[in-house]
Amino acid sequence: MRSDAAIVVLTGAGISAESGIPTFRGEDGLWETEDGGAYRIEDVCTPEAFRRDPALVHHFYDGRRRALRTVSPNPAHQALARLDRDWPGDLLIVTQNVDDLHERAGATRLLHMHGALRSAWCAACDARMPWEGDLGDAPACPSCGAGGRLRPDIVWFGEMPYEMERIEAALAAADLFVSIGTSGAVYPAAGFVRMAAACGARTLELNLDPSAGSAWFDEVRSGPAGLLVPAWVEEVLGR
């Protein structure tokens, strides 16, 4: 591959599972949490749920935010950070994950399409800000002072993912699209492979098992992200 080639990488829950963060859904269709709890998606991950029971939603996300302190980036995150540091061409890492393991590994050419746990969003003034503590005790917004108006800066079901225009532009210009640790079942991310391929990009899937969208990729490699991603990055940087 040319050293000036443009690469778009999409990461999903599978890349962080090896750091100890549970994947999106449990066997019963519930959202499992790091402390062993389980929540129905419709009770904690929609705007309607937040309007109906904000205390429950805050309890769920406050717990997930605290759990981030107990996990660390794994070799897959570290390998992508190395690619970010050493690849001379264009690169955009688009993550569906709301954890900060990519950043802690050192990645900077990064976009969180579903928001971030360590960020809060004020419904009163529309400001977004870094946030480390709990939101369930209704803290005042540091920007406007409004009390009880902060929510997790997370894209819930029924809301538009962040920076879609930037993502689509990167896919249109990509020479290579790589999907890592994703189910291939959640849109719009599940459609990225076809967007990229339609514009001439080569496509590669790295996943523990073939995803629901594996048939759309030029190449599929199956196995743990902690093994596959470092090996792939070594190939790319070795050129």
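In this predicted model, the search for enclosed space turns up one cavity of 30 Å³ or more. That largest cavity holds about 100 Å³ of space. Its lining is made of 16 residues, and Ser179, Thr182, Gly184, Ala189 and Ala190 are the ones nearest its centre.

Let us turn to the open spaces. The second largest pocket has about 230 Å³ of space. It is lined by 15 residues, with Glu103, His112, Ala116, Ser119 and Asp153 closest to its centre. Strand 5 (110-112), strand 6 (115-122) and strand 7 (128-130) each give at least two residues to the lining of this pocket, and strand 6 supplies the largest share of it, four residues.

Now for the packing. The largest nonpolar core has 25 residues, and those that touch the most other members are Val9, Leu80, Leu83, Ile180, Val229 and Trp232. Two or more residues of this core come from each of strand 1 (7-11), helix 5 (75-86), strand 4 (91-95), strand 9 (176-180), strand 10 (202-207) and helix 9 (225-238). Helix 9 is the main contributor, giving seven residues. Another core lies apart from this one; it has 18 residues, including Val8, Val94, Met113 and Ala174.

Val9 is a good place to look at the contacts one by one. Leaving aside residues up to four places away in sequence, Val9 touches Leu80, Leu91, Leu92, Ile93, Val94, Val178, Ile180 and Trp232.

Three helices deserve a closer look, and their buried residues are set side by side here.

| Helix | Buried residues |
|---|---|
| Helix 5 | Ala76, His77, Ala79, Leu80, Ala81, Leu83, Asp84 |
| Helix 7 | Met164, Ile167, Ala170, Leu171 |
| Helix 9 | Ala225, Gly226, Leu228, Val229, Trp232, Val233, Val236, Leu237 |

Helix 9 has 14 residues and reaches 19 Å from its first C-alpha to its last, close to the 20 Å expected at 1.5 Å a residue. Its buried residues, Val229 and Trp232 among them, cover an arc of only 165° around the axis, and so they sit on the same side of helix 9. Leu227 and Gly238 are exposed, on the face of helix 9 turned away from that buried side. The buried residues of helix 9 pack against strand 1, helix 1 (13-17), helix 5, strand 9, strand 10 and strand 11 (219-222).

Helix 5 also has the span one would expect: at 1.5 Å a residue its twelve residues should span 16 Å, and its end C-alpha atoms are 16 Å apart. The partners of its buried residues are strand 1, helix 1, strand 4, helix 6 (101-105), strand 9 and helix 9.

Helix 7 runs over residues 164-173, and its buried residues include Met164 and Leu171. These buried residues cover an arc of only 125° around the axis, which places them on the same side of helix 7. Glu165 and Ala173 are exposed on the other side of the helix. Among the elements covering the buried residues of helix 7 are strand 1, strand 4, strand 5, strand 9 and helix 8.

Helix 8 (residues 192-198) is where Ala197 is found. Ala197 counts as partly exposed because its relative accessibility is 36%, a value that falls between the 20% limit for buried and the 50% limit for exposed. Ala197 and Ala120 are 35 Å apart in space, C-alpha to C-alpha, and 77 residues apart in sequence.

Technical notes. Residues numbered from 1 in each chain as written. Predicted model: local features only at pLDDT ≥ 70, side-chain atom pairs only at ≥ 80, totals over all residues. Heavy atoms only, no water. Core = buried A, V, L, I, M, F, W, Y, C linked by side-chain atoms within 4.5 Å. Buried < 20%, exposed > 50% of the residue type's maximum accessible area, 1.4 Å probe, protein only. Contact = heavy atoms within 4.5 Å. Expected span 1.5 Å × (residues − 1). Arc of directions from axis to C-beta. 1 Å grid on protein atoms, 1.4 Å probe; cavity = no way out; pocket = protein on both sides within 12 Å on 5 of 7 lines; lining within 4 Å. Points joined across faces, edges and corners; volume = space filled by probe spheres on them.
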